[in-house]
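Please look through the structure shown here with its sheets, one of its helices, its enclosed spaces and two of its residues in mind. The report that follows takes these topics in turn.

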Amino acid sequence: MKKLTRRNFMKGAGALTLGAAISPLAPRMAWSSTPTIKMAYILSDHHAPLMLAASNGEMFEEKYKTWLKPLNPAKLYELYDNGSPIARVQLIPTKKGPDVEKLVAQGSVDIAISGTQAILMSVDKGVDTKIISPLQTAGNVFVLNKDVPAQDWKAFVSHVKGQGKQFKIGMPGPHTVAAIIFRSALEYEGVSYTEDSTNRKADVLFINMKGHGNLVAALNNKISEGIIGAQPFPSVTIDQGVGRLILNLQDVPPAQRWAGHACCSLEATSKFLTQDPALAAKALSLMALGVDLANTRKDLTAKTCSAWLGVSESVETVAMQSMTYTTTATPRWVSSVDEYAKTMDGMGMFTGKLQGAQGEALASAAFDFSMMNGVTEQLKAKGLIA
């Protein structure tokens, strides 16, 4: 039996095309007369590929022949392929990755976009889900109230480290990408932190704002002196003249540890992928097309996210500069997920399937890129994506 190495794993994953399973001629295993795909996501421009597909049906119909027709905008759609409706798609919005994972664990969704670290925690707990594709990288930032004298990361560390006055930072949740990266950077710098408001000895007190959308209120209402989290909400505070950008969290020390880090990923249950693989492949095609459009039409992406999220287009235009969308699990992307797992395990977040898992053990338990790789190969062959 051939030994499974990371090189062989990545090579094998890229070579899988699923054959007839994603062919338009493949027989479908009908769930019902009109199957419904339940899809959860987070209200963030990190999930722009979904918003683009849902908001630009006519463009997708004309250009790709696969599109979403709104029945109840932002909630319920019909998925069309080559002129025929093949399923309904129910969209379920959430505030953060752990909210998505609760729905996955309950069996309430088939496919979802969630924080990579949140998906790993589900896998660790034995939930029937796997990361089936990257979707977006970076896009988390650190903002301070403009009245805080620190102008950069080094000045911030000096301002809070051992000063005897606790510094409050709002976070979207303790298990979010931003929180994990930021805590690791504080540990590297020797800055103590806590989430316990009764602990007055720590340099930094994290305030759980229970969602990315609440970060604006944290700074505006002086609940905290700084915020960490996903775009576009930190940029809203800058646009309002309340916040000052300190840095993109991919640039926190040590150098290059989090550069281009995995952020949000696409996940699916094995039931969804195997019960009707032809239909599942069409859903993945829609996401792959959305990713390509998000990267090539930043102007349209900013406009679409602005309307969907209710923030100004100027904010989204700025936010787009810190993000990249992708369906390719590059070695760098895989390495960053390894880094998440190592960091999370060290923080005691893993207690089950992923405890101590790294490299191939992590990949085997958490990844299945075969269907998305097959989908993107077909789309590239048709000249629909680069």
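## The eight-stranded sheet

In this predicted model, strands β1 and β4 run parallel to each other and are joined by seven bridges; within this pairing, Ile42 has Thr94 of β4 as its bridge partner. Both strands belong to an open sheet of eight strands, whose order is β2-β3-β4-β1-β5-β13-β6-β14 and whose pairing is mixed. The edges of this sheet are taken by β2 (66-72) and β14 (323-325), and because each has a single partner strand, one side of each is left without a neighbour in the sheet. On average, and with direction ignored, neighbouring strands of the sheet are turned by 25 degrees against each other.

## The six-stranded sheet and helix α6

A further open sheet is made of six strands, again with mixed pairing, in the order β9-β10-β8-β11-β7-β12. Its edge strands, β9 (193-194) and β12 (243-248), each pair on one side only. Strand β8 (residues 167-171) runs parallel to strand β10 (residues 204-208), and five bridges connect the two, with Phe167 standing opposite Val204 in β10.

Helix α6 (residues 153-160) lies across β7 (140-145), β8, β10 and β12, and the direction in which α6 runs makes an angle of about 125 degrees with β8.

## Helix α4 and the pocket beside it

Helix α4 covers residues 97-106, and its buried residues are Gly97, Asp99, Val100, Glu101, Leu103 and Val104. An α-helix has 3.6 residues a turn, so residues three or four places apart point the same way. The buried residues of α4 pack against β1, β4 (84-94), β5 (111-115), α5 (116-124) and β13 (262-268), and of these partners, β1, β4, β5 and β13 are strands of the eight-stranded sheet. Just after the helix, Gly107 adopts a positive phi of about 75 degrees.

Helix α4 also contributes to the second largest pocket, which holds about 290 Å³ of space. Of the 16 residues that line this pocket, those nearest its centre are Pro98, Glu101, Lys102, Lys125 and His175. Both α4 and α5 supply at least two residues of the lining, and the largest share, four residues, comes from α4. By residue class, the lining of this pocket divides into six nonpolar, five polar and five charged residues.

## Enclosed cavities

Across the whole structure, three cavities of 30 Å³ or more are found. The largest cavity has a volume of about 110 Å³ and a lining of 14 residues, of which Ile42, Gly115, Val177, His212 and Cys264 lie nearest its centre; Ile42 is also the residue whose bridge partner in β4 is Thr94. The lining of the largest cavity consists of five nonpolar and nine polar residues, with no charged residue present.

The second largest cavity, with a volume of about 80 Å³, is lined by Ile37, Met39, Leu50, Leu68, Leu79, Val89, Ile111, Ala283, Leu286 and Met287. The elements that give two or more residues to this lining are β1 (36-42) and α11 (277-296), and α11 provides the largest share, three residues. In the second largest cavity the lining is made up of 10 nonpolar residues, with no polar and no charged ones.

## Two buried residues

Which residues are in contact with Thr137, once its neighbours within four places in sequence are left aside? They are Gly260, His261, Cys263, Ser322, Met323, Thr324, Thr326 and Trp333. Thr137 is found in strand β6 (residues 130-138), and because its relative accessibility is 13%, while the limit for a buried residue is under 20%, Thr137 counts as buried.

Val123, which has its place in helix α5, is likewise buried, with a relative accessible area of 2%. With neighbours within four places in sequence again set aside, Val123 is in contact with Thr129, Lys353, Leu354, Ala365 and Ala366. Val123 and Ile223, by contrast, are 100 residues apart in sequence and lie 34 Å apart in space, taken from C-alpha to C-alpha.

Notes. Residues are numbered from 1 along each chain as its sequence is written. This is a predicted model: local features need pLDDT of at least 70, side-chain atom pairs count only at pLDDT 80 or more; totals for chains, interfaces and linings use all residues. Side-chain values use heavy atoms; hydrogens and water are left out. Buried means under 20% relative accessible area, exposed over 50%, partly exposed in between (1.4 Å probe, protein chains only). Contact means heavy atoms within 4.5 Å. On a 1 Å grid over the protein atoms alone, a cavity is a set of points where a 1.4 Å probe fits but cannot get out, and a pocket is an open set with protein on both sides within 12 Å along at least five of seven lines; lining residues have an atom within 4 Å of a point. Grid points are joined across faces, edges and corners, and a volume is the space filled by probe spheres set on the points. Ala, Val, Leu, Ile, Met, Phe, Trp, Tyr, Cys and Pro count as nonpolar, Asp, Glu, Lys and Arg as charged, and the others, Gly among them, as polar. Two strands pair if DSSP finds at least two bridges between them. Axes are lines fitted to C-alpha atoms, for helices over the stretch in contact, and angles run from 0 to 180 degrees between N-to-C directions.
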